[in-house]
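Me: Could you help me learn to read strands and helices in a model? I'd like the general idea, then the case here.

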Amino acid sequence: MPLRGANINVLLNIKLINNGQTIFMIFNGLLGRQEKKRHYSSLVMLSALLIFSGLTKAKDDSDSQLSILLYHHIDDSTPKITSTAPALFKQHLNYLKKNDFNVMPLNQALDQLFKGKTLPAKSVAITFDDGYESIYKTAWPILKEYNYPFTVFVATEPVEKAYALMMNWQQLSEISNAGVTLANHTHTHAHLLSLLPKQFINEINMADKALDKQSSLSKQFSHTKSLFAYPYGEYSKSITDHLKQDNRYAVAQVSGAVSRYSNPQALPRFSFSGNYGSMEQFKLKVNSVAMPVIQQANYDPLINPSVKSFTLKFDSLPFAKSGFNCFYQNETIDNIEWDQSKVTITISQKPIEGRSRINCTAPASNGRFFWHSIPIFVKPSSGNWPE
Ligand SMILES: [Zn+2]
């Protein structure tokens, strides 16, 4: 017997809540034994949702958005937490190819997006932070097979001092000459939030200088000043304001797709290192949809530790409010209050010291998910930011 409308709605609501939890667990890399069990049942529900999704008619605005992928080492022997296995990396690229993703150079994609041109559906940009040797030795040959462009954010002092596992200037020249984009990741890879404005500006300028010097020494070497990546993904509004003045796009390290609503100086990226790189997570992440959150540039993630409430304003609501779920530190946030297209999310505990985030998700059409992360940075009382 066919289901009636009301029944379908009830079913969908139950499924949406469950799927929100699945997403949360996957994004936090928390697939423990108990979670795996629940996760399995959620996957069954996800399949059911796919069948029903045609009935929800959610508008997901998935054109003109970009998923930025973040890697560090592509290596089996480097520290797990910052590494992706070469075989898995290959699987990621293979998935992009097989599913017709449009892999673009990061600066070109961002220019198109923020200068009002449309981006093709399923647009992706690939980035690497720090400038490790495994990019040259392992990732680059694989990327060449797929003919995919990519960007490397280089911390210049570790290259100058020839730290272990870093690319040298010769290797950087070689990939640059082959069309790879090189950009600024500060000079010493400092925690910018522990620095005074003068000092963080100096970090950025010194890396520019080091890269400029290589450009003058080698015709093969070039770099772009329109891109910047925050070490450890840490930033405050005073830092984003400086980069805006400097006319640079800046990439962070919280999850989410980039859309025209994103702050060009605090762009989310999906990390695929350590426990975050499984194929299951990869598919969810590259297929996720940006939430149309407005006025993102007004938010300062460096907060006073007494702040517990965070407000998001939406340009439109392309998802059901009942399917909107947020999570903090492994727990679902119960205190979510809507006021038309504005939502206030209140966490039950004080935000933790150092880096944390609130992840919010909602089902989109075709089994995809809207995703928005709110970064939270609280100065540690010890004065030392975690690595
Ligand atoms: Zn880094």
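Reply: Sure! Let's begin with a pair of strands. Strands of a sheet pair through backbone hydrogen bonds, either parallel or antiparallel. Here, S13 and strand S17 (residues 342-346) pair in the antiparallel sense over five bridges. Thr 311 stands opposite Thr 344 in S17. This is a predicted model: local features need pLDDT of at least 70, side-chain atom pairs count only at pLDDT 80 or more, and totals for chains, interfaces and linings use all residues. Residues are numbered from 1 along each chain as its sequence is written.

Me: What counts as a strand, a helix or a pair?

Reply: Helices (H or I, at least four residues) and strands (E, at least two) are DSSP runs, numbered from the N terminus. Two strands pair if DSSP finds at least two bridges between them.

Me: Which order do the four strands of the open sheet have?

Reply: The order is S12-S13-S17-S16, with antiparallel pairing. Strands S12 (293-294) and S16 (335-339) are the edges, each pairing on one side only. Two bridges join S12 to S13 (residues 309-314), and Ile 294 has Lys 313 as its bridge partner in S13.

Me: And helices: which residues of H7 are buried?

Reply: A general idea helps: an α-helix has 3.6 residues a turn, so residues three or four places apart point the same way. In H7 (residues 169-177), Trp 169, Leu 172, Ser 173, Ile 175 and Ser 176 are buried (20 or more other C-beta atoms, placed from the backbone, within 10 Å of a residue's own). Just after H7, Gly 179 takes a positive phi of about 105°.

Definitions and conventions: Buried ≥ 20, exposed ≤ 12 C-beta atoms within 10 Å, placed from the backbone.
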